[in-house]
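Visitor: I should like to examine this structure with the reasoning behind each label made explicit. Please take me through it.

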Amino acid sequence: MRLAKHLAHSGVASRRASEQLIFDGRVEVDNRVVTDPATDVTGQEHIRVDGKTLRAFERGADRVVYLLHKPAGVVSTAKDTHGRKTVVEYVRSPGTRLYPVGRLDADTTGLILLTDDGDLAHRLTHPSFEVPKVYLAEVEKGPVREPELRRLREGVKLEDGMTSPAKVRQLRQGILELTIHEGRKRQVKRMCAEVGHPVKKLQRVAYGPLRLGDLAEGGVRRLSAAEVERLRALEPGGPEATGREGTKA
Ligand code: URA
């Protein structure tokens, strides 16, 4: 793996900032200063940044991230003023305070992440990260015709401005798969309603590199260290954050 990528994965800095650290001569590999970010490393080397070993930078080694298949009727806040069930109640994690990563409407089902790492939750939901989110929407008055599909793809005028380009496919009559990078309130529902096809049912099936897969509704799984690392390695507008082709972690 490239040295810059290895530093980013170890939590030193973003990939670009790690490259700069290397260029600036602040990184040693086995006691030698290395200035080429493309230097190949195996992870077995003794690496130091500004004299500190990589272990000292490892953030979140003891942090947890869970993936929940949120059922309908459950709210994605940590507490609900109306006494409804919340996503955090699905995870048994005594002594940890979990934060939902972003929001799903109460009637939306599907993939939502929960973590005790407030910094990670904050980073992932920041608009600059453009994490791709994939939704399946069952809409009224299907099939959706090409002009409406094109509007959804190119951008729809909502009351809070135009939506960014989206990937939209009609899987079956009236069943749309939409990939969006923004996270505005009720965005998918508002986009579909705007083109004349209100949403009847909505499910999120993917978030960045993660898929809902066949996890049952109400099911929870803890992400593996490798999956958490891939989330941590997301960069603002980076290849994985935008869903563009790129080197896989
Ligand atoms: N878009 C919506 O309209 N609702 C959600 O819950 C998520 C995205």
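**Burial, pairing and pocket: a reasoned tour**

Guide: I begin with one helix in this predicted model. The residues Q187, V188, K189, R190, M191 and C192 of α5 are buried.

Visitor: Why is helix α5 (residues 187-194) called largely enclosed by the rest of the structure?

Guide: A residue counts as buried under 20% relative accessible area. Six of the eight residues of α5 meet that criterion, so the helix is largely enclosed.

Visitor: Which elements do the buried residues of α5 pack against?

Guide: The partners are β8 (133-139), α4 (146-154), β9 (157-158), β12 (175-180) and β13 (199-207). Packing here rests on contact, meaning heavy atoms within 4.5 Å. After α5 comes G196, with a positive phi near 90°.

Visitor: How is the whole chain organised, and into which domains is the chain divided?

Guide: There are three parts: domain 1 (3-53), domain 2 (65-128 + 209-242) and domain 3 (133-207). The C-alpha centres of domain 1 and domain 3 are 42 Å apart. The C-alpha trace of the chain spans about 65 × 45 × 30 Å along its principal axes. Seven helices and 15 strands occur in the chain, and 47% of its 249 residues count as buried. Of the contacts between residues at least 6 apart in sequence, 64% join residues at least 24 apart.

Visitor: How do you know where the largest pocket lies with respect to domain 2 and domain 3?

Guide: The lining supplies the argument. Both domain 2 and domain 3 give residues to the lining of the largest pocket, so the pocket lies between them.

Visitor: What is the volume of the largest pocket, and which residues lie nearest its centre?

Guide: The volume is about 730 Å³. The lining comprises 35 residues, and those nearest the centre are R103, Y135, G183, R184 and K185. Two or more lining residues come from each of α3 (118-125), β8, α5 and β13. By residue class, the lining divides into 13 nonpolar, 10 polar and 12 charged.

Visitor: What makes strand β5 (residues 65-70) mostly covered?

Guide: Six of the six residues of β5 are buried. V65, L67 and H69 point one way from the strand, while Y66, L68 and K70 point the other way, and all of them are buried. In a regular strand, side chains alternate between the two faces of the sheet.

Visitor: How do you know that β5 pairs with strand β7 (residues 109-115) and with strand β15 (residues 220-222)?

Guide: Two strands pair if at least two bridges are found between them. β5 and β7 are joined antiparallel over six bridges, and β5 and β15, also antiparallel, by three bridges; both pairs therefore satisfy the criterion of at least two bridges. L67 has L113 as its bridge partner in β7 and R221 as its bridge partner in β15.

Visitor: Why do β2 (32-33) and β4 (52-53) count as edges of their sheet?

Guide: The open sheet has four strands in the order β2-β1-β3-β4, with antiparallel pairing. β2 and β4 each have a single partner strand, so one side of each is left without a neighbour in the sheet. For β4, two antiparallel bridges connect it with strand β3 (residues 47-49), and one bridge pair is R48 with T53.

Visitor: What makes N31 exposed, and what makes E130 partly exposed?

Guide: Exposed means over 50% relative accessible area, and partly exposed lies between that value and 20%. N31 has 56% relative accessibility, so it counts as exposed. E130 has 33%, so it counts as partly exposed.

Visitor: What are the phi values of N31 and E130, and where are the two residues placed?

Guide: Phi is near 70° for N31 and near 50° for E130. N31 is in the loop between β1 (27-29) and β2, whereas E130 is in the loop between α3 and β8. Most residues other than glycine have a negative phi, and most peptide bonds are trans.

Visitor: Why is the peptide bond from G142 to P143 called cis?

Guide: Its omega is near 0°. P143 is found in the loop between β8 and α4.

Definitions and conventions. Residues numbered from 1 in each chain as written. Predicted model: local features only at pLDDT ≥ 70, side-chain atom pairs only at ≥ 80, totals over all residues. Heavy atoms only, no water. Domains from an automatic or database assignment. Buried < 20%, exposed > 50% of the residue type's maximum accessible area, 1.4 Å probe, protein only. 1 Å grid on protein atoms, 1.4 Å probe; cavity = no way out; pocket = protein on both sides within 12 Å on 5 of 7 lines; lining within 4 Å. Points joined across faces, edges and corners; volume = space filled by probe spheres on them. Nonpolar A, V, L, I, M, F, W, Y, C, P; charged D, E, K, R; others polar.
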